[in-house]
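Biologist: I would like a close look at one part of this model, the charged side chains and what surrounds them. Could you take me through that part with care, and then set it against the rest of the fold?

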Amino acid sequence: MIATVTGLLGPALSGGWTAQLPRVVEGDHLPRVNALDAMTFNVASLAGPALAGGVAEALGAPMAVVVSVVLIALALPAAWMLPARPVRVLGVQATSMTSDLVAGVRVIVGRPSLARATLTSTVSCIAQGMLMACIPLLGERVLGGASRGAVLLSCVAIAALVANVVLAGFPRSVAPDTIIWSSALVQAAALALAAWGQPVVLIVAVLIVGIGEGPQLTALFAVRHREAPDHLRGQIFTTGASLKITGFALGAAVAGPVATWSLPGTLALTASVAGLAALLFFVIPSATANSSEASTMST
């Protein structure tokens, strides 16, 4: 029950808060601050499991849950300090939450750049969930203990954090759309390398996975900020976050039973899914292509 409720609120805690960034940051500084915002996810993914594991080991699992509740409560003042949503202009009809969500989905589907980024990142999350299911077995069979799989997760988080630190220094160096599909290819190559099953090679592979994951998240946020209408930004971020969380859970559920049968085969399948994520980016025609076709038809 607790896990279900936590899952329902997860998209609001991640996507909903990030959507507020343009309200507190001026436009010229948004690309760099966007990269810094993505880094907070990397820091959380690194510190969270380590803190939970340490508290659970020292004081027991129930106390680890209590610490989680306290940390969430400590975030409440920051939420209250966010700027309030502007009051609707007199004469403009108010809309319900349901209609706003439907409008948000329509924007995602109707804007090619946003649709491509959402599709690619969601399928990438399926691959990331599949890797997560393989982590304990990789720790056991390659590193000598299932608990050592946590080292692999730390490597992913550290590499993602470092990659985003570099990206924050050059926020306009590469278009975010390019980063989204190319980072999926980086993850695919790294996951294929991980199937080799050698300790040093495995560590290098998961570091490369992190190098792909970190910038992809930053680029995804950048595309959402660029494409989302201001009044639907929260809905778009929340919907996108829910799709990614669902994809991650689906990948882990599928890979879990398969990994016990063939770990190298599961990693190869995971690499294929990540490669598919990059290819799917080009399945949806770009806005430029659509406008060119319309122009040709009109002539």
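Modeller: A good place to begin is Asp177, which has a relative accessibility of 17% and therefore counts as buried, the cut-off being under 20%. Please keep in mind throughout that this is a predicted model. The side chain of Asp177 meets that of Arg226 in a salt bridge, with 2.9 Å from N to O. Since Asp177 belongs to helix 8 and Arg226 to helix 9, the pair ties together parts that lie 49 residues apart in sequence. Arg226, at 41% relative accessibility, counts as partly exposed, and the side chain of Arg226 also forms a salt bridge with Glu227, again at 2.9 Å from N to O. Glu227 in turn counts as buried, because its relative accessibility is 16%.

The count of salt bridges in the model comes to 3, and the remaining one to describe joins the side chains of Asp230 and Arg233 at 3.9 Å, N to O. Here Asp230 is partly exposed at 42% relative accessibility, whereas Arg233 is buried at 9%. Through shared partners, Asp177, Arg226 and Glu227 are joined into one network.

Two residues of helix 6 belong in this picture. Ser113 has its place in helix 6 and, at 19% relative accessibility, counts as buried. Leaving aside neighbours within four places in sequence, Ser113 is in contact with Asp177, Arg226 and Glu227, and with Val223 as well. Arg116 is also found in helix 6, and Arg116 is buried yet has no salt bridge, the nearest side chain of opposite charge being that of Asp177, 5.9 Å away. Because a salt bridge is counted only within 4 Å, that separation does not qualify. What Arg116 does contact, again leaving aside neighbours within four places in sequence, is Phe281, Phe282, Ile284 and Ser286.

Another polar residue to consider is Asn34, which lies in helix 3 (residues 30–59) and counts as buried at 2% relative accessibility. The C-alpha atoms of Asn34 and His225 are separated by 9.0 Å, although the two residues are 191 residues apart along the chain. Not counting residues up to four places away in sequence, Asn34 touches His225 together with Leu21, Thr218, Phe221 and Ala222.

Arg233 leads on to helix 10, where the buried residues include Arg233, Gln235, Lys244 and Ala255. At 1.5 Å a residue, the 29 residues of helix 10 should span 42 Å, and the end C-alpha atoms are 43 Å apart, which agrees. Helix 10 nevertheless has a kink of about 35 degrees at Ala255, shortly before the proline Pro257.

To set all this against the nonpolar interior, the largest nonpolar core has 33 residues, and those that touch the most other members are Leu131, Leu138, Leu152, Leu191, Leu202, Leu263 and Leu267. Two or more residues are given to this core by each of helix 6 (112–141), helix 7 (149–169), helix 8 (176–194), helix 9 (199–227), helix 10 (233–261) and helix 11 (263–280), with helix 6 providing the largest share, 9 residues. Apart from this core lies another, of 14 residues, among them Ile180, Ala219, Leu220 and Ala228. As for Leu263, once neighbours within four places in sequence are left aside, Leu263 is in contact with Cys134, Leu137, Leu138 and Arg141.

How values were computed
Residues numbered from 1 in each chain as written. Predicted model: local features only at pLDDT ≥ 70, side-chain atom pairs only at ≥ 80, totals over all residues. Heavy atoms only, no water. Core = buried A, V, L, I, M, F, W, Y, C linked by side-chain atoms within 4.5 Å. Buried < 20%, exposed > 50% of the residue type's maximum accessible area, 1.4 Å probe, protein only. Helix = DSSP H or I, 4+ residues; strand = E, 2+ residues; numbered from the N terminus. Contact = heavy atoms within 4.5 Å. Expected span 1.5 Å × (residues − 1). Bend = angle between axes of the 7 residues up to and from the residue. Lys, Arg positive; Asp, Glu negative; His and termini not counted.
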